[in-house]
Amino acid sequence: MGAQTASNRPIDFVIDVEPLFAPYMADAAVRLGYVERDFALVVAGSSFRVTTSTPVDRAAIARKINHALYREKIRVESAPLRARFLDLMAQR
């Protein structure tokens, strides 16, 4: 998908998320909210509503969202392992 244009109106579109990543949507939206200034995200069920005032590449935004979701999933799933490692290191 190419760039989207609008004349002085916000551009809104939806990016659907796989159910596997739904638990991580809110945290991914927060992370992207302070990293990405070109667009804003709102969690809407199992989708993100994307709003921007400039032309954007929807595929690039979808890749950024998917990357953030995957990072968040890994962070959450590896937290117990990291905590155990730190406990073991503190015992030395």
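## A buried glutamate and its partner

E72 is buried, with a relative accessible area of 3%. That value comes from a predicted model. E72 forms a salt bridge with R75. Their closest N and O atoms are 2.5 Å apart. R75 and E72 are three residues apart in helix α2, so about one helical turn separates them.

The partner sits in another accessibility class. R75 has a relative accessible area of 37% and is partly exposed. The salt bridge thus joins a partly exposed arginine to a buried glutamate.

## The other salt bridges

The model holds three salt bridges by the rule used here. Another of them pairs K73 with E77, at 2.7 Å from N to O. Both residues lie in helix α2. They are four residues apart, about one turn of the helix. K73 counts as buried because its relative accessibility is 14%, under the 20% limit. E77 stands at 48% and counts as partly exposed, since exposed begins over 50%.

K73 also has contacts beyond its own stretch of chain. Leaving aside neighbours within four places in sequence, K73 is in contact with L20, F21 and Y24. K73 itself is found in helix α2.

K64 and E36 form a salt bridge too, with a side-chain N to O distance of 3.1 Å. This pair links distant parts of the chain. K64 is in helix α2, and E36 is in the loop between α1 and β2. The two are 28 residues apart. Which of these classes fits E36, buried or exposed? E36 counts as buried, at 14% relative accessibility. K64 is partly exposed, with a relative accessible area of 33%.

## The nonpolar core

The largest nonpolar core has 20 residues. Those with the most contacts inside it are L41, F48, V50, I61, I65 and L69. β1 (11–16), α1, β3 (47–52) and α2 (58–90) each supply at least two residues of this core. Which element gives the most to the core? Helix α2 does, with five residues.

F48 is one of the residues with the most contacts in the core. What does F48 touch, not counting residues up to four places away in sequence? F13, V14, I15 and V17 are among its contacts. So are M25 and A29. L41, V42 and V43 follow, and the list ends with I65 and L69. L41, I65 and L69 are themselves named among the residues with the most contacts inside the core.

## Helix α1: the buried face

Helix α1 spans residues 25–35. Its buried residues are M25, A28, A29 and L32. Seen down the helix axis, they fall within an arc of 100°, so they line one face of α1. The cover over these buried residues includes β2 (40–44), β3 and α2.

F48 belongs to this picture. M25 and A29, both buried in α1, are in contact with F48.

## Helix α1: the exposed side chain V30

V30 lies in helix α1 as well. Buried or exposed? V30 is exposed, with a relative accessible area of 55%. That places it over the 50% limit for exposed residues.

V30, Y34 and V35 make a nonpolar surface patch of about 310 Å². V30 and F48 are 18 residues apart along the chain. Their C-alpha atoms are separated by 12 Å. V30 is exposed, whereas F48 is part of the nonpolar core.

## The end of α2

A90 is found in helix α2. At 63% relative accessibility, A90 counts as exposed. How far is A90 from M25, in sequence and in space? The two are 65 residues apart in sequence and 33 Å apart in space, C-alpha to C-alpha. M25 is buried in α1.

Helix α2 recurs through this account. It gives five residues to the core. It helps cover the buried residues of α1. It holds both residues of the K73 and E77 pair and both of the R75 and E72 pair. K64, bridged to E36, is in α2 too.

How values were computed:
Residues are numbered from 1 along each chain as its sequence is written. This is a predicted model: local features need pLDDT of at least 70, side-chain atom pairs count only at pLDDT 80 or more; totals for chains, interfaces and linings use all residues. Side-chain values use heavy atoms; hydrogens and water are left out. Patches are made of residues with over 30% relative accessible area and no salt bridge: like charges are joined within 9 Å, nonpolar side chains (Val, Leu, Ile, Met, Phe, Trp, Tyr) within 5 Å. Accessible areas come from the Shrake-Rupley method with a 1.4 Å probe; for residues, only the protein chains shown count as cover. A salt bridge is a side-chain nitrogen of Lys or Arg within 4 Å of a carboxyl oxygen of Asp or Glu. Buried means under 20% relative accessible area, exposed over 50%, partly exposed in between (1.4 Å probe, protein chains only). A nonpolar core is a set of buried Ala, Val, Leu, Ile, Met, Phe, Trp, Tyr and Cys residues joined through side-chain atoms within 4.5 Å. Contact means heavy atoms within 4.5 Å. The arc is that of the directions from the helix axis to the C-beta atoms.
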